[in-house]
Amino acid sequence: MVAPPTAMFQTTRRRLALWYTTVTAIVLLLFASGVYWYVRTTLVERVDDTLNHVVEIVQRSLVIEPGAASDEQVLTAVGKVAPALKVNVEASFRDNTTTTEDDHIDLEWFSPTGDLLWSTLSEPLNLPVKVNPEGKTVPIDAEHVVRQVTDRIVAGNQILGYLRVSHPWFEVTKPSRQLLQDLTLGLSLMISAVAFIGWLLSGIAIAPVRESYQQLKQFTADASHELRNPIAVIQTNAQVALADPEPDAIAQQQQLQVIERLTRRLGRLVDDLLFLARQEGGLVPFEAEPVDISLLLTDVIEEQSMIADHKQIQLDCQACETALVSLAGVPSAPCPPTSLPNWQVQGDADQLLRLFTNIISNSLQYTPEDGRIEISLEEEKWQNQAAIAITIKDNGVGIPEAALPHIFDRFYRVDPARQRSATSGSGLGLAIAKVIVENHGGDIQLQSRPQQGTEVKIRLPLYTEPSKSRPPLTAASRSGHP
């Protein structure tokens, strides 16, 4: 069973937010672990450095004296006899008590046989003497743990004793525990914030997908509607013609005319859809050449003149008339050819012809009889470059303000309940016009008011190097345009 679109988008949004939160949480956890490990290691190293430093100081302050008469000579490790030495404990450690208490460091001095001779502790630790100059964590009881360094003190080849230095372990565990609590609280707050931000970001990220899905859904429904009606009418006419046992030639001719008309409409629709698909997919190479807009508009007006004359609509383009008069070489022309403005752009002539054909045919379709369509050209500064502004203005039925933001959408209808006639367009004219303008790096804007008319303004970058000869772009010199 396929999930509804709303549930599908919500599920996708939750997954995106969950993945975002999970990945961020893992990164934060690794970072926090690294910080905790670094701080704890630094604290332990500082304690060990302090203990080793105390050992060095105590070792330098030891008072070494000759031993008793009975121990006057000892056998060294290499088998030689040497005078016996011993450490004067009272003289060596009398000034260390205050210092070690202030620094929370305890000292213990052991004889060469491991007997405790002197200590700053109130009670002995009762721990065996094990040489450990690198530092070791030793538990005293269930509540007390110390960090110890035990070093062997040697004079020449004679062992004088063992020095054990202890440091309270809580000076490592206490800040470590506080850091752990702070990191845990910080991680919890950050992950919560990341989850909230992830939910917002996933909503923002999925919004274009939702919009595209809605547009695709609307496009599919509109395209299906556009295809369904003609196909149904074609099928009905064909079935009626085939079911008649005694066909009438006139009736069959009318039915075939309807089928032919609807087939043309389907062909235009398919052609428009293919054009949009190829342009958006980049399947058709863009071949740019200098194109004279005034002469191209002249061709379009010439093609649309029959429809305009039939509806008694006046098509005016002063720039087109001036270009034709100058091109014909009439002596009385108001502007000699050398003073003609440059109305050239760099673009695809076939696409531009299709663009203006769609716009002008729309104006003719929605302008009542005895109406007027004015086409003007002017040069203006647009986006820090010279551009040609082509304005096509009519006094037709106009478009409601609420429909203007969607007027360039495919198959969009100002009145959804209105059905298109068999001779109407495919509903893609303005969408195609926008694609063509964007292909040429231009801009298209539409302003309209109900019962007051519509104004379409197209801006195209000006071609700054006009060609030497400007032959007219006549319809007969092209093929394949709509």
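How many bridges join strand 5 (residues 106-110) to strand 6? Three, and the two strands run antiparallel. Keep in mind that this is a predicted model.

**Stop 1: the five-stranded sheet**

Stay with strand 5 and strand 6. Pick Phe-110 and look across: Leu-116 in strand 6 stands opposite. Now widen the selection to the whole sheet. Five strands make up an open sheet, in the order 6-5-9-8-7, with antiparallel pairing. Its edges are strand 6 (116-119) and strand 7 (132-139), each of which pairs on one side only. Look along the sheet for the twist: neighbouring strands are turned by 25 degrees against each other on average, direction ignored. As you colour side chains, recall that in a regular strand they alternate between the two faces of the sheet.

**Stop 2: strand 9 and its partners**

Select strand 9 (residues 158-168). Is this strand mostly covered or mostly uncovered? Mostly covered: 10 of its 11 residues are buried. On one pairing, strand 9 meets strand 5 in the antiparallel sense over five bridges. Asp-106 is a good marker here, standing opposite Ser-166 in strand 9.

Next, add strand 8 (residues 145-155). Strand 8 pairs with strand 9 over 10 bridges, again in the antiparallel sense. Click Thr-150 to find its bridge partner in strand 9, Arg-164. Then follow the chain round the turn. Strand 8 and strand 9 form a hairpin with two residues between them. Gly-156 sits in that turn, with a positive phi of about 65 degrees.

**Stop 3: the nonpolar cores**

Move to the largest nonpolar core, which has 50 residues. Select the residues with the most contacts inside it: Ile-293, Phe-356, Ile-375, Leu-377 and Ile-390. Helix 8 (residues 349-365) gives the most to this core, with eight residues. Another core lies apart from it, with 23 residues, among them Val-44, Leu-62, Val-87 and Leu-163.

Return to Ile-390 and show its surroundings. Which residues does Ile-390 contact, leaving aside neighbours within four places in sequence? They include Ile-293, Leu-297, Phe-356, Ile-375 and Leu-377. Val-456, Ile-458 and Leu-460 are also among them. So are Ser-376 and Lys-457. As a general point, nonpolar side chains tend to be buried together in soluble globular proteins.

**Stop 4: two acidic residues**

Select Asp-292 in strand 10 (residues 289-292). Its relative accessibility is 4%, so Asp-292 counts as buried. Its side chain reaches the backbone nitrogen of Leu-295 at 3.3 Å.

Now jump to Glu-455, in strand 16 (residues 453-461). With a relative accessible area of 26%, Glu-455 is partly exposed. Draw a distance from Glu-455 to Asp-394: C-alpha to C-alpha, they are 6.5 Å apart, yet 61 residues apart in sequence. Leaving aside neighbours within four places in sequence, Glu-455 is in contact with Thr-391, Ile-392 and Lys-393, and also with Gln-445, Leu-446 and Gln-447.

**Stop 5: the disulfide**

Finish at the cysteines. The count comes to one disulfide, which joins Cys-317 to Cys-320 with an S to S distance of 2.2 Å. Are these two cysteines buried or exposed? Both Cys-317 and Cys-320 are buried. Check the torsion about their S-S bond: it is about 60 degrees, so the disulfide is right-handed.

Key. Residues are numbered from 1 along each chain as its sequence is written. This is a predicted model: local features need pLDDT of at least 70, side-chain atom pairs count only at pLDDT 80 or more; totals for chains, interfaces and linings use all residues. Side-chain values use heavy atoms; hydrogens and water are left out. A disulfide is a pair of cysteine sulfur atoms within 2.5 Å. Buried means under 20% relative accessible area, exposed over 50%, partly exposed in between (1.4 Å probe, protein chains only). A nonpolar core is a set of buried Ala, Val, Leu, Ile, Met, Phe, Trp, Tyr and Cys residues joined through side-chain atoms within 4.5 Å. Helices (H or I, at least four residues) and strands (E, at least two) are DSSP runs, numbered from the N terminus. Contact means heavy atoms within 4.5 Å. A polar contact is a pair of N or O atoms within 3.5 Å; within protein, one must be able to donate a hydrogen and the other to accept it, and residues adjacent in sequence count only if both atoms are side-chain atoms. Two strands pair if DSSP finds at least two bridges between them. Axes are lines fitted to C-alpha atoms, for helices over the stretch in contact, and angles run from 0 to 180 degrees between N-to-C directions.
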